[in-house]
Structures are given as structure tokens and as C-alpha cells.
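The exercises below ask you to read a single protein chain closely, moving from whole-chain figures to individual side chains. Please look at the sequence and the coordinates before turning to each solution.

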Amino acid sequence: MEQVLEVCSTNTNTNTTMTTFDDILVEAGEFGRCQKRIFALLCMVSMPWAGVYVGIVFQGYTPDHWCRDSAVVEMRQGCGWSLADSRRLTVPLVNSSGVLQQSSCEQYEVDWNSTSLTCDAQELNLSKTPRTACKDGWEYDYEGRQSFVTEFDLVCSDAWLVDMFQATLNIGFLIGSIAIGYLADRFGRKMSFLMSNLLNGIAGILVAVAPNYVSLLVFRMLYGFGVKGGWVAGYVLITEIVGVEFRRTVGVIYQMFFSVGILILPLLAYFITDWRWLQVVITIPYILFLSYYWFIPESPRWLLSQNKNARAVQITEAMAKENKMTLSKNIETLTDDNADSNTASFMDLIRTPKMRKHTFILSYNWFTSAVVYQGLIMRLGILGGNVYIDFLISGLVEFPAAFLILFTIERIGRRIPFASANIVAGASCFITAFIPDSMFWFKTVVACIGRLGITMTFEMVVFVNTELYPTFVRNLGVSVCSTLCDVGGIVAPFLLYRLAVIWLELPLIIFGSLAFLAGGLVLLLPETRGVPLPDTIEDIEFPERAKEKAMLRNQQMTNLLPNNNVSTNKDPATV
């Protein structure tokens with residue numbers, strides 16, 4: 001009798017098994033019209049981020065400059081001298097890397113008001129004249145354009161303040177990604193996304209109207225606080241509403257729109273000559289994104305993790321309706337395995353062995369990706385050339401990376417392409433370091449191959465990060481690990497320029513070492529190809545149990561749907 005009761009109890013539990021969101025997503029459509037619409041809207045978020053992240057190249061451009069001497073300027077205007085003539089009378093020649101160049105920070109110490117300066121004075125030989133630091137500011141050869149460097153005279157002894165413009169942005173990234181990541185796990189992806197964009201719109205306009213450089217830095221940090229956190233919230237939202245087979249596609253394309261932004265930015269900067277107006281144009285999209293309140297839903301996965309099942313069912317039904325799919329009665333038992341553990345904390349990321357390993361490896365890869373990625377971009381920039389063309393090239397190099405990822409990760413998996421991209425980047429750095437300068441184009445091509453590899457790494461670390469954390473802590477996990485990206489962004493210019501003083505190629509050796517180590521560590525991560533998103537920490541620590549649970553769910557769904565209840569609203573004869 002006890003055995004019969006046990007069998008009956010087992011059958012009852014089987015038939016009343018709760019249905020997970022992955023099960024219902026198959027019925028509602030894993031990447032239907034609804035998800036495509038939301039995905040297209042969220043991809044737009046990546047484009048202005050390019051302007052925020054690398055806009056300093058144009059907004060903070062430091063043109064050729066030299067000391068201003070009011071008396072010489074007056075004579076130039078009266079005598080019709082060229083800039084070259086007046087500059088020769090103002091500044092001396094200095095030795096720069098073995099080449100004599102006109103100084104940018106010194107001038108001849110001459111009181112032109114007490115001399116008989118005439119229009120023939122450009123023939124004077126002033127090489128023996130004493131020198132002094134610039135007294136009347138600087139003149140800039142910038143063809144009618146204006147950056148904040150030329151507006152606030154951030155050159156010579158104040159040149160380091162330009163670095164603070166980017167450093168404060170990364171500080172904002174660092175704080176904002178953690179804070180908004182936490183808020184997104186507590187109050188929802190959608191709300192955090194919208195609040196981030198509200199902050200972006202306000203802070204972006206404040207940057208454009210900043211009256212002085214100190215206030216500019218403060219507003220810039222606030223700007224960074226919202227920009228990255230909102231971008232990550234959007235990424236996690238779209239990842240959570242599509243099926244397993246489409247996660248990698250939406251993840252890569254979402255990031256690829258950053259490269260689209262890189263292509264658009266130089267065009268904007270070419271036609272918008274004032275850095276303040278360029279800042280306004282970069283900020284306007286964030287204001288427009290507030291309209292997404294009416295066009296994107298909250299993540300049903302997050303709602304389930306917060307025990308808000310009714311709202312999750314409502315949104316899922318709306319998705320199915322837009323996708324022209326019909327849901328079975330299983331929607332009534334929709335639940336989340338992790339509903340009782342809805343409070344995310346940093347300790348969840350390091351408390352258990354595998355979660356701790358994932359957090360360390362992913363954090364290091366975020367750091368390495370930022371250092372090598374930015375380092376190689378800055379290195380290409382100092383080679384000279386047209387800054388607008390250089391930007392277009394740097395953006396175009398990133399597109400093959402996206403297509404390589406899409407081609408390989410479902411055929412080979414995540415781990416091998418991820419590790420290989422790091423190793424290719426590292427090898428390219430090492431090879432570039434030992435190619436002689438006389439082979440300029442070959443050296444540039446190899447460096448671009450390194451850029452291709454590290455771009456693949458940068459794009460892969462994001463979606464691999466989301467696949468290795470359970471739902472209730474996923475957004476916080478991505479945000480915490482990606483903070484090392486911001487640390488890398490701060491470190492990269494110091495590694496490049498400081499170490500280059502010792503040996504020009506030394507930074508490449510460091511970049512190569514970092515990338516090689518990152519590639520080796522990636523091999524210690526589990527493969528996530530075709531694996532459902534984990535719902536609990538137990539799914540991470542005991543993946544075999546998670547697989548068994550998924551197989552049991554599939555078997556139960558088959559038993560519960562003997563007549564193929566999953567259908568569309570279309571006439572079967574026309575399908």
C-alpha cells in the first residue's frame with residue numbers, strides 16, 4: 001500500500017511540476033517579432049556610448065600650439081606675416097626625440113615694446129636669446145575648431161588635466177556599474193535603464209554648458225555613472241527575453257552597434273567644430289531613450305525571481321500575442337526556481353568555489369580587454385595621420401570580429417574562440433614589438449590583427465559573463481566583473497606612455513603578457529554552448545544536476561503536450 005501511495009505521489013508531483021520561463025519561452029517564441037522589436041530599440045543604446053567613451057579624441061583634441069606673444073601677434077596682423085613667421089620669432093627650437101622642433105611650452109624672453117621691431121624682423125636670428133615659459137597663453141593651429149583643451153588652455157604644465165577628463169568618466173563607470181547593477185537586480189532592468197538615461201540626459205547637457213574645468217570634471221563623472229550602468233541593464237534585459245539559441249547573436253550584435261557609433265562619431269566631429277555642440281548631439285539620444293518606457297517590457301525572468309508571477313505571466317502573454325503564438329495552460333504554473341533567494345549581494349559571487357573562480361577569471365578578462373584594446377587604439381593614434389580616417393579604420397576593424405564570433409561560437413563553442421582571441425592578440429603584440437620601424441605597414445597590419453583579436457575578446461566576455469551567473473545575481477555579476485574594465489581604462493594610458501619612455505615597445509610586451517595569461521585562464525571556464533541560463537547557484541556548482549533537471553523538464557513538457565498544443569494563430573493548411 002505504501003508503494004502505491006508513493007507512486008501516486010510521484011505522479012501527482014510530475015503533473016503539477018512548475019513551469020519555468022525557458023519552457024514557456026519556447027511556446028511564446030524564442031526570438032519572435034516582439035523580441036526583435038525590443039532588440040532593435042536597445043541596440044540604439046550602444047551607438048551614443050561610443051561618443052561618450054572615445055569622444056575625448058575630438059572633444060579633447062590637442063592641436064599644434066605655441067606661446068602667444070601679444071606684440072608679435074599685432075605685428076603679424078599689421079605686416080601680413082604668416083603664422084610660421086610669427087611663430088619663428090616667438091618660440092625656440094628644442095630637441096625632441098633627436099629631432100629639432102619648435103617648442104610648444106617655451107618662448108624667447110624679448111620685450112618687443114622696447115625694441116625697434118619692424119616688418120623686416122622675421123629675418124632676425126634669436127637663437128642666442130634667453131628663454132622663458134609661456135606668459136600670454138597659447139596660439140593654436142586648429143582651423144577654426146575648438147576643443148576643451150583650446151578653450152581652457154590645457155597644455156604644457158596643465159596637459160595632465162586632459163587625462164582627468166577620461167579618468168573621471170571611468171570613475172563614474174566604476175561606481176555606476178556597481179550601483180545601477182545592484183538597483184537593476186533589486187528594482188528591475190527596465191526601471192534602472194530608464195533612470196540611467198534620465199541621469200545621462202541631465203549630466204550630458206551639464207557637461208556641454210560647464211563654465212569651468214572643475215565643474216566639467218564633476219559633470220563628466222556623473223555622466224559616466226549612468227551611461228555604463230544603463231548599457232549593461234539593457235544588455236541583460238535583451239539576453240533574458242530571448243531563447244538559448246539566440247543569446248549569442250543578440251549579444252554580439254548589441255555590442256557591434258558600438259562599432260557603428262565609432263563610424264558615425266568622426267562624421268559628426270568633422271561637421272560639428274565646437275566640442276560643446278558635439279557633446280549636445282551625443283547626449284540627445286539618451287533623452288530620446290526615455291520614450292522606451294512605452295515600448296519595452298520588464299524582464300519576466302527578473303519578475304519571477306522577485307515572486308511577481310502575475311506580472312511575469314501578463315508580459316509573457318503579451319509577447320506571445322505579438323509573436324502570434326498560443327500559450328498552453330502551463331503558463332498558469334509559471335515559476336522561478338530561485339524565487340526564495342531574491343536578494344543579490346556581492347558575497348553570492350565569491351561564496352562558493354565555482355562562482356569564485358568564474359568571478360576571478362571574468363574580472364581579469366575584463367581588465368585585460370580594456371588595457372589591450374585601448375592601448376592598441378592609442379598606439380595607432382600616435383602614429384600620425386588623419387584622425388577622422390584613423391577612427392573610421394578602427395571602427396571597420398571591429399566588424400570582422402563580430403562576424404568571426406557569430407561564425408564560430410555555435411560551431412566550436414565559447415571557450416576555444418574566447419581563449420584563441422586572447423592568444424592571437426597577445427602574439428600580435430609580441431610580434432609587433434620586434435618588427436623594425438622601417439617595416440611600417442607590416443607593423444601596422446600585425447597591430448591591427450591584435451586589435452581584431454582583442455575586439456573579439458571584448459565582445460565575448462560580455463555574453464559569456466551573463467551565461468555563467470544565475471538569474472537573481474546576473475546583472476550584479478556582470479556589473480561587478482566589468483568594473484575591472486574601468487580600472488583597465490584608467491591604467492591603459494599610463495602603461496602605454498610611461499613605459500614607452502623606457503622603451504617604445506615595452507607596453508606591447510606587457511599587453512602581450514596580459515593577453516596570453518587571460519587566454520590560459522579562459523580554458524578553465526566551463527563551456528556554455530547550448531546550456532540554458534542558470535537559475536540558481538546550485539546550477540553553477542552542480543551542472544550535472546542542472547542538466548538532469550532540464551532533461552526532466554523536457555520530458556514532462558512532452559508528457560503534458562501530447563497533442564502538440566504549441567501552435568500559431570495561422571491556418572495549419574497555410575503553414
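**Exercise 1. The chain as a whole**

How much area does the protein chain expose, and what share of it do carbon and sulfur atoms supply? State also how the chain divides into helices and strands, and what percentage of its residues count as buried.

*Solution.* Bear in mind throughout that the model is predicted. The exposed area of the protein chain comes to about 25800 Å², and 64% of that area is supplied by carbon and sulfur atoms. The secondary structure consists of 23 helices and 8 strands. With buried taken as under 20% relative accessible area, 53% of the 575 residues fall into that class. Finally, if one takes contacts between residues at least 6 apart in sequence, 82% of them join residues that are at least 24 apart.

**Exercise 2. Charged pairs under cover**

Find how many salt bridges the chain has, and work out for the pair Asp185 and Arg189 whether the partners are buried or exposed.

*Solution.* Begin with the principle that side chains of opposite charge can pair when their charged atoms come close. The cut-off applied here is a side-chain nitrogen of Lys or Arg within 4 Å of a carboxyl oxygen of Asp or Glu, and by this rule there are 6 salt bridges.

Asp185 and Arg189 form one of them, with an N to O distance of 2.6 Å. Asp185 has a relative accessibility of 1% and therefore counts as buried, and Arg189, at 0%, is likewise buried.

**Exercise 3. Bridges between distant parts of the sequence**

Which parts of the chain are tied together by the pair Lys228 and Asp486, and where do Glu467 and Arg414 lie?

*Solution.* For the pair of Lys228 and Asp486, the salt bridge has an N to O distance of 3.0 Å. Lys228 belongs to helix 11 (residues 213-240) and Asp486 to helix 20 (residues 471-502), so this pair ties together parts that are 258 residues apart in sequence. Lys228 is buried, with a relative accessible area of 2%, and Asp486 is buried with a relative accessible area of 2%.

Turning to Glu467 and Arg414, their side chains meet in a salt bridge at 2.9 Å, N to O. Glu467 sits in helix 19 (residues 440-467), whereas Arg414 sits in the loop between helix 17 (387-408) and helix 18 (415-434), and the two are 53 residues apart. Glu467 is buried at 5% relative accessibility, and Arg414 is buried at 2%. To complete the account of shared partners, Asp185, Arg189 and Glu240 are joined into one network by their salt bridges.

**Exercise 4. The surroundings of Asn170**

Which residues is Asn170 in contact with, leaving aside its neighbours within four places in sequence?

*Solution.* Locate Asn170 in helix 9 (residues 160-187), and note that Asn170 is buried, with a relative accessible area of 1%. Once neighbours within four places in sequence are set aside, the contacts of Asn170 are with Asp486, Gly489 and Ile490. Asp486 is also the salt-bridge partner of Lys228.

**Exercise 5. Helix 4 and its packing**

How many residues of helix 4 are buried, and at what angle do helix 4 and helix 13 pack?

*Solution.* Helix 4 spans residues 46-54 and is mostly covered, since 8 of its 9 residues are buried; among them are Trp49, Val52 and Tyr53. Helix 4 packs with helix 13 (residues 275-288) at an angle of about 145 degrees, the axes being 9 Å apart, and their crossing is left-handed. On the side of helix 4 the contact is made by Pro48, Trp49, Gly51 and Val52, and on the side of helix 13 by Ile282, Pro285 and Tyr286. Sorted by class, this contact holds 6 nonpolar residues, 1 polar residue and no charged residues.

**Exercise 6. Helix 2 and its end**

Which residues of helix 2 are buried, and what is the sign of phi at Gly29?

*Solution.* Helix 2 (residues 21-28) is mostly covered, with 7 of its 8 residues buried. The buried residues are Phe21, Asp22, Asp23, Ile24, Leu25, Glu27 and Ala28. Helix 2 is followed by Gly29, where phi is positive, near 110 degrees.

Key: Residues are numbered from 1 along each chain as its sequence is written. This is a predicted model: local features need pLDDT of at least 70, side-chain atom pairs count only at pLDDT 80 or more; totals for chains, interfaces and linings use all residues. Side-chain values use heavy atoms; hydrogens and water are left out. Buried means under 20% relative accessible area, exposed over 50%, partly exposed in between (1.4 Å probe, protein chains only). Helices (H or I, at least four residues) and strands (E, at least two) are DSSP runs, numbered from the N terminus. Contact means heavy atoms within 4.5 Å. Axes are lines fitted to C-alpha atoms, for helices over the stretch in contact, and angles run from 0 to 180 degrees between N-to-C directions. A crossing is left-handed if the near helix is turned anticlockwise from the far one by less than a right angle, and right-handed if clockwise. Ala, Val, Leu, Ile, Met, Phe, Trp, Tyr, Cys and Pro count as nonpolar, Asp, Glu, Lys and Arg as charged, and the others, Gly among them, as polar. Accessible areas come from the Shrake-Rupley method with a 1.4 Å probe; for residues, only the protein chains shown count as cover.
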